[in-house]
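Student: Please take one helix in this model and go through its burial, its neighbours and the side-chain pairs around it. Then extend the account to pairs elsewhere, with cut-offs stated.

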Amino acid sequence: MQRIVLASRPTGAPTEDNFRLESAELRDPGEKEVAVENLYLSLDPYMRGRMDDAKSYAKPVEVGATMEGGTVGRVIASNSPRFAEGDLVVGQFGWATHGVLPANQLRHAATDYAPPSASLGVLGMPGFTGWYGLKELGRPKSGETLVVAAATGPVGQMVGQLGKALGLRAVGVAGGEDKCRFAVETLGFDACLDHHAYPDVPAMREALAKAAPDGIDVYYENVGGKVLEAVLSLMNPFGRIPVCGTIAYYNLGGLGAGDAPGPNMLPRAMRSILVNKLNVHGFIIMDHWDRYGDFLAEVGPMVKDGRIKYQEDIAEGLANAPAKFISMLKGGNFGKTVVKLTGDAE
């Protein structure tokens with residue numbers, strides 16, 4: 001098998017030197033374990049935090065260890081009655097072509113509704129994150145206004161389309177004219193703002209105010225930075241802000257170890273939260289995995305019949321994963337970032 005390990009911890013933005021491609025022996029599965037040939041690897045922003053040796057909600061990847069990540073693959077050997085050879089499964093096998101895990105850490109891919117790679121995106125962790133954050137924490141009501149950061153990413157795609165299905169005005173923010181065109185014309189957003197077009201927070205705020213003339217009731221936060229600063233003063237009383245990520249700050253180092261560039265916005269943010277009685281709720285989707293079945297039952301049929309659309313950004317070959325990951329952290333992806341690991345992938 002081949003795998004990519006963390007060669008060194010990055011200082012600031014990661015570089016390809018922080019990764020190393022290695023060959024390794026694939027062990028035989030033990031009792032109640034399953035061996036898998038991975039077809040697709042998911043690349044997600046949370047992986048940047050795993051590269052830092054700092055306190056967080058999960059342990060960091062050790063230097064020399066396989067980079068963490070979810071995959072979908074084909075069972076090649078099984079010592080569990082739950083999975084048979086040839087089954088397509090999803091698990092945390094990491095940045096690797098093959099792996100072995102206990103059967104209770106795997107689930108069947110959602111191929112009744114979409115191709116295998118979708119189990120890493122629209123029907124996987126990102127889609128589930130969007131569904132849970134909006135419905136459970138955003139508490140949307142028909143007629144309200146929803147703003148979605150990173151609108152064409154895998155989480156934002158789900159949030160915006162669910163918001164429209166629930167009767168909300170959906171305003172997206174994305175990086176580039178092509179992404180914004182896709183958000184409006186394909187995903188059905190009412191409006192989308194290219195954040196590259198606004199040089200500072202006041203300009204961003206002015207554009208958002210025009211796109212959301214009735215104010216903002218729900219802001220789905222997974223970016224931080226300029227968008228968050230612009231949104232806060234436009235939030236309506238009793239607005240809700242589900243927070244599942246702050247990618248603009250990920251290269252600052254470990255949690256609490258570095259300061260965001262520019263003036264400290266925390267006092268202004270806290271005042272906005274107080275005065276507008278906002279509900280700001282951070283969450284980690286792995287704490288809510290017991291709800292995945294509810295998500296799949298609701299959203300799976302919507303994906304199958306085209307009510308929920310999705311875009312994937314696919315790279316070829318494990319060796320190209322580091323470059324694709326680095327590009328994604330800079331906004332270079334267009335949709336869910338996936339690495340195709342084998343020519344046999346469907």
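Tutor: What follows starts with one helix, moves to its surroundings and ends with pairs elsewhere in the chain.

The model is predicted, so local features need pLDDT of at least 70 and side-chain atom pairs count only at pLDDT 80 or more, while totals for chains, interfaces and linings use all residues. Residues are numbered from 1 along each chain as its sequence is written, and side-chain values use heavy atoms, with hydrogens and water left out.

The helix is α9, residues 321-329. Helices (H or I, at least four residues) and strands (E, at least two) are DSSP runs numbered from the N terminus. Of the 9 residues of α9, 7 are buried, so the helix is largely enclosed by the rest of the structure. Here buried means under 20% relative accessible area, exposed means over 50%, and partly exposed is in between, with a 1.4 Å probe and protein chains only. The buried set consists of A321, P322, K324, F325, I326, M328 and L329. These residues pack against strands β1 (2-6), β2 (19-23), β3 (33-42), β14 (312-316) and β15 (336-340), and against helix α1 (46-50). After α9 comes G331, with a positive phi near 85°.

One of the buried residues of α9, F325, has a relative accessible area of 0%. The structure holds 12 aromatic pairs; rings of Phe, Tyr and Trp (its six-membered ring) pair if their centres lie within 6.5 Å, and the planes count as stacked under 30 degrees apart, edge-to-face over 60 and tilted for the rest. Among the 12 aromatic pairs, F19 and F325 are edge-to-face, at 6.2 Å centre to centre and 85° between the planes. F19 belongs to strand β2 and F325 to helix α9, so the pair ties together parts that are 306 residues apart in sequence. F19 is also buried, at 8% relative accessible area.

Strand β3, one of the elements that α9 packs against, contains L41. L41 is buried, with a relative accessible area of 0%. Leaving aside residues up to four places away in sequence, L41 touches G69, G70, T71, G94, W95, L120, L318, A321, T337, V338, V339 and L341; a contact means heavy atoms within 4.5 Å. A321 in this list is one of the buried residues of α9. By contrast, the C-alpha atoms of L41 and R205, 164 residues apart along the chain, are separated by 37 Å.

Charged pairs come next. The structure holds 16 salt bridges, each being a side-chain nitrogen of Lys or Arg within 4 Å of a carboxyl oxygen of Asp or Glu. One of them joins D44 to K336, the closest N and O atoms being 3.2 Å apart. D44 lies in the loop between β3 and α1, and K336 in strand β15, so the pair ties together parts that are 292 residues apart in sequence. Both partners are buried: D44 has a relative accessible area of 6%, and K336 has 2%. R3, R20 and E22 are linked in a network of salt bridges.

Two further salt bridges lie elsewhere. K164 and D190 meet at 2.9 Å, N to O. This pair links distant parts of the chain, with K164 in helix α3 (residues 154-165) and D190 in the loop between α4 (177-185) and β10 (191-194), 26 residues apart. K164 is partly exposed at 30% relative accessibility, and D190 is partly exposed at 33%. K210 and E206 also form a salt bridge, with the closest N and O atoms 3.8 Å apart. These two are 4 residues apart in helix α5 (residues 201-211), separated by about one helical turn. K210 is exposed at 65%, whereas E206 is partly exposed at 48%.

The last item is an aromatic cluster, in which ring pairs link F128, W131, W289, Y292 and F295. The charged end of R107 sits over the ring of Y292, 4.6 Å from its centre; the criterion is NZ of Lys or CZ of Arg within 6 Å of the ring centre and within 35 degrees of the ring normal. Within the cluster, F128 is buried, at 0% relative accessibility, while W289 is partly exposed, at 27%.
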